[in-house]
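The exercises below concern one protein chain. Each gives a task, followed by a solution in steps.

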Amino acid sequence: MQRIVVDISIGPDEWIKLYQGLAQDVTGRARDGRSVRFPARILSRFYLNDGVRGSFCISFNDQGKFETIERV
């Protein structure tokens, strides 16, 4: 299993676009410098009134499929 750490800051207006399906993926840069893209739906449980903000560890299998996400 592989892991990446990503710092995320998605405001409520941007989150609405993701929630409504106008955008399906979140793109960003992992702390190790890699560009990453993952489904926005994995962040749903972390949504608060001010959006989704924080550092997250995303684990994925050897085929690049999502396994788990946790706030760090």
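In the hairpin of β4 and β5, which residue takes a positive phi? It is G64, with phi near 85 degrees, in a hairpin that has five residues between the strands. The model is predicted, so-called local features need pLDDT of at least 70, side-chain atom pairs count only at pLDDT 80 or more, and totals for chains, interfaces and linings use all residues. Residues are numbered from 1 along each chain as its sequence is written, and side-chain values use heavy atoms, with hydrogens and water left out.

**Exercise 1. Describe the chain as a whole.**

Step 1. Count the elements, where helices (H or I, at least four residues) and strands (E, at least two) are DSSP runs numbered from the N terminus. The chain has one helix and five strands, and along the sequence they follow the pattern β-α-β-β-β-β.

Step 2. Compare the radius of gyration, taken over C-alpha atoms, with the globule rule, which is 2.2 Å times the number of residues to the power 0.38. The chain has a radius of gyration of 12 Å, close to the 11 Å that the rule gives for 72 residues, so it is as compact as a globular protein of that length. Along the principal axes, the C-alpha atoms fill a box of roughly 35 × 20 × 20 Å.

Step 3. Look at burial and contacts. Buried means under 20% relative accessible area, exposed over 50%, and partly exposed in between (1.4 Å probe, protein chains only). Of the 72 residues, 33% are buried. A contact means heavy atoms within 4.5 Å; among contacts between residues at least 6 apart in sequence, 55% join residues at least 24 apart.

**Exercise 2. Work out the three-stranded sheet and the helix on it.**

Step 1. Establish the order. Two strands pair if DSSP finds at least two bridges between them. The open sheet of three strands has the order β1-β4-β5, with antiparallel pairing. β1 (2-10) and β5 (66-71) stand at the edges with a single partner strand each, so one side of each has no neighbour in the sheet. From one strand to the next, the twist averages 25 degrees.

Step 2. Count the bridges. Nine join β1 to β4, and five join β4 (residues 52-60) to β5. F56 can be followed across the sheet: V6 stands opposite F56, and in β5 the bridge partner of F56 is R71.

Step 3. Assess the enclosure of β4. Seven of its nine residues are buried, so β4 is largely enclosed by the rest of the structure. S59 is in strand β4 and counts as buried at 1% relative accessibility. Beyond its neighbours within four places in sequence, S59 contacts M1, Q2, R3, K65, F66, E67 and T68.

Step 4. Place the helix. Axes are lines fitted to C-alpha atoms, for helices over the stretch in contact, and angles run from 0 to 180 degrees between N-to-C directions. Helix α1 (residues 12-19) lies across β1 and β4, at about 120 degrees to β1.

**Exercise 3. Find and classify the aromatic pairs.**

Step 1. Apply the criteria. Rings of Phe, Tyr and Trp (its six-membered ring) pair if their centres lie within 6.5 Å; planes under 30 degrees apart count as stacked, over 60 as edge-to-face and the rest as tilted. The structure holds two such pairs.

Step 2. Take W15 and Y47. Their ring centres are 5.5 Å apart and their planes at 20 degrees, so the pair is stacked. W15 lies in helix α1 and Y47 in the loop between β3 and β4, so the pair ties together parts 32 residues apart in sequence. W15 is buried at 6% relative accessible area, whereas Y47 is partly exposed at 29%.

Step 3. Take F46 and F56. This pair is edge-to-face, with 4.9 Å centre to centre and 65 degrees between the planes. F46 is in the loop between β3 and β4 and F56 in strand β4, ten residues apart. Both are buried.

**Exercise 4. Characterise R34.**

Step 1. Locate R34. It is found in the loop between β2 (25-29) and β3 (35-39) and counts as partly exposed at 35% relative accessibility.

Step 2. List its surroundings. Not counting residues up to four places away in sequence, R34 touches Q2, R3, I4, G28, R29 and F60.

Step 3. Check the side chain. The side chains of R34 and D32 are joined by a polar contact of 2.8 Å (a pair of N or O atoms within 3.5 Å; within protein, one must be able to donate a hydrogen and the other to accept it, and residues adjacent in sequence count only if both atoms are side-chain atoms).
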